[in-house]
Amino acid sequence: MQRFVLWDLDNTLVDRHGTLPDWAGDFVARHRLGDDARQELLDLLGERAYPPSFEEIRTRYRLASTADDLWRSYCADIAAMVSCPADVLTGLDELRRHGWRIGIATNGATDIQTAKLRAIGIHSRVEGICISEEVAARKPEREHFAQAAARCGTTLSAGGWMIGDNPVNDIGGGRAAGLSTIWIANGSPWPTDLPEPDHRVQHARAAIELLLSDSVTRSTT
Ligand SMILES: [Mg+2]
């Protein structure tokens with residue numbers, strides 16, 4: 001199996017769950033919204049944010065800004081707030097030095113995912129970036145993983161790894177696409193009704209250690 005690894009972005013390389021509540025609090029204060037607005041925004045944007053979400057927000061709170069302005073502010077705000085642990089960024093560099101080809105496979109809107117990848121400095125550390133809106137294929141669809149591999153100059157048939165926090169989209173999808181899998185648990189238990197990942201770790205740095213370790217290296221050469 002080739003040394004090729006695809007990474008999910010949100011809650012795998014960056015902490016989206018930790019960033020959104022801070023953004024929602026700032027948004028409520030900036031627009032002087034009511035007590036319930038913060039939770040309503042989290043409910044609306046918790047899973048995924050797209051431009052139409054901000055048309056709904058503009059209407060619900062009778063905001064003067066256009067939905068497009070709200071969306072662009074959201075992208076800039078989140079990109080400025082989101083972070084990736086330093087030892088994960090250096091870990092991606094270590095993987096490349098050890099001959100690993102690295103890609104990003106993420107569901108979401110192109111604007112916001114690209115803004116985050118650039119702000120954090122991940123875009124310059126990977127061979128290819130695959131965003132579902134851009135390629136019109138979402139994880140767990142095989143097509144998404146195939147496009148991600150192509151953007152890294154390789155194919156799924158040569159094998160590789162998928163690393164992510166979502167049991168269905170990342171692990172189930174990666175496995176169905178023929179990839180070995182590492183699940184980022186973030187403290188959650190594995191859902192017992194789904195086939196197990198090849199490995200479970202708590203955070204991204206541990207997954208990097210695993211890829212750099214002798215046992216995985218032997219199995220991928
Ligand atoms: Mg994720």
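**Briefing: helix packing and the parallel sheet**

Helices H3 and H4 are oblique to each other, because their axes cross at roughly 120 degrees and an angle counts as oblique when it falls outside the ranges for roughly parallel, roughly antiparallel and roughly perpendicular. The model is predicted. Its six-stranded sheet is open, and the pairing in the sheet is parallel.

**Helix H3 against helix H4**

- Helix H3 spans residues 51-60, helix H4 is a neighbour in contact with it, and the two axes come within 8 Å.
- The crossing of H3 and H4 is right-handed.
- On the H3 side, the contact is made by Pro51, Phe54, Glu55 and Arg58, and on the H4 side by Ala67, Leu70, Trp71 and Tyr74.
- Six of these contact residues are nonpolar and two are charged, while none is polar.

**Helix H4 against helix H6**

- The axes of H4 (residues 67-81) and H6 also come within 8 Å, and they cross at roughly 30 degrees.
- H4 and H6 are therefore roughly parallel to each other, as angles under 35 degrees are counted in that way.
- This crossing of H4 and H6 is right-handed.
- H4 contributes Trp71, Tyr74, Cys75, Ile78 and Ala79 to the contact, and H6 contributes Asp111, Ile112, Ala115, Lys116 and Ala119.
- The contact of H4 with H6 comprises eight nonpolar and two charged residues, with no polar ones.

**The sheet**

- The strands follow the order E3-E2-E1-E4-E5-E6 across the sheet.
- Strands E3 and E6 (199-201) stand at the edges with a single partner strand each, so one side of each has no neighbour in the sheet.
- From one strand to the next, the twist averages 20 degrees.
- Strand E2 (residues 101-106) pairs with strand E3 (residues 128-131) in the parallel sense over four bridges, and Gly103 has Gly128 in E3 as its bridge partner.
- Strand E5 (residues 180-184) runs parallel to E6 and is joined to E6 by three bridges; here Ile182 stands opposite His199 of E6.

**Helices on the sheet**

- Strand E2, helix H6 (residues 110-120) and strand E3 make a right-handed β-α-β unit.
- Helix H6 lies across E2 and E3, and its direction is at about 150 degrees to E3.
- Helix H10 (residues 204-212) lies across strand E1 (4-7), strand E4 (161-164), E5 and E6, and runs at about 150 degrees to E5.

Key. Residues are numbered from 1 along each chain as its sequence is written. This is a predicted model: local features need pLDDT of at least 70, side-chain atom pairs count only at pLDDT 80 or more; totals for chains, interfaces and linings use all residues. Side-chain values use heavy atoms; hydrogens and water are left out. Two strands pair if DSSP finds at least two bridges between them. Helices (H or I, at least four residues) and strands (E, at least two) are DSSP runs, numbered from the N terminus. A crossover is right-handed if, with the strands pointing away from the viewer, the path from the first strand over the helix to the second runs clockwise. Axes are lines fitted to C-alpha atoms, for helices over the stretch in contact, and angles run from 0 to 180 degrees between N-to-C directions. Angles under 35 degrees count as roughly parallel, over 145 as roughly antiparallel, 65 to 115 as roughly perpendicular and the rest as oblique. A crossing is left-handed if the near helix is turned anticlockwise from the far one by less than a right angle, and right-handed if clockwise. Contact means heavy atoms within 4.5 Å. Ala, Val, Leu, Ile, Met, Phe, Trp, Tyr, Cys and Pro count as nonpolar, Asp, Glu, Lys and Arg as charged, and the others, Gly among them, as polar.
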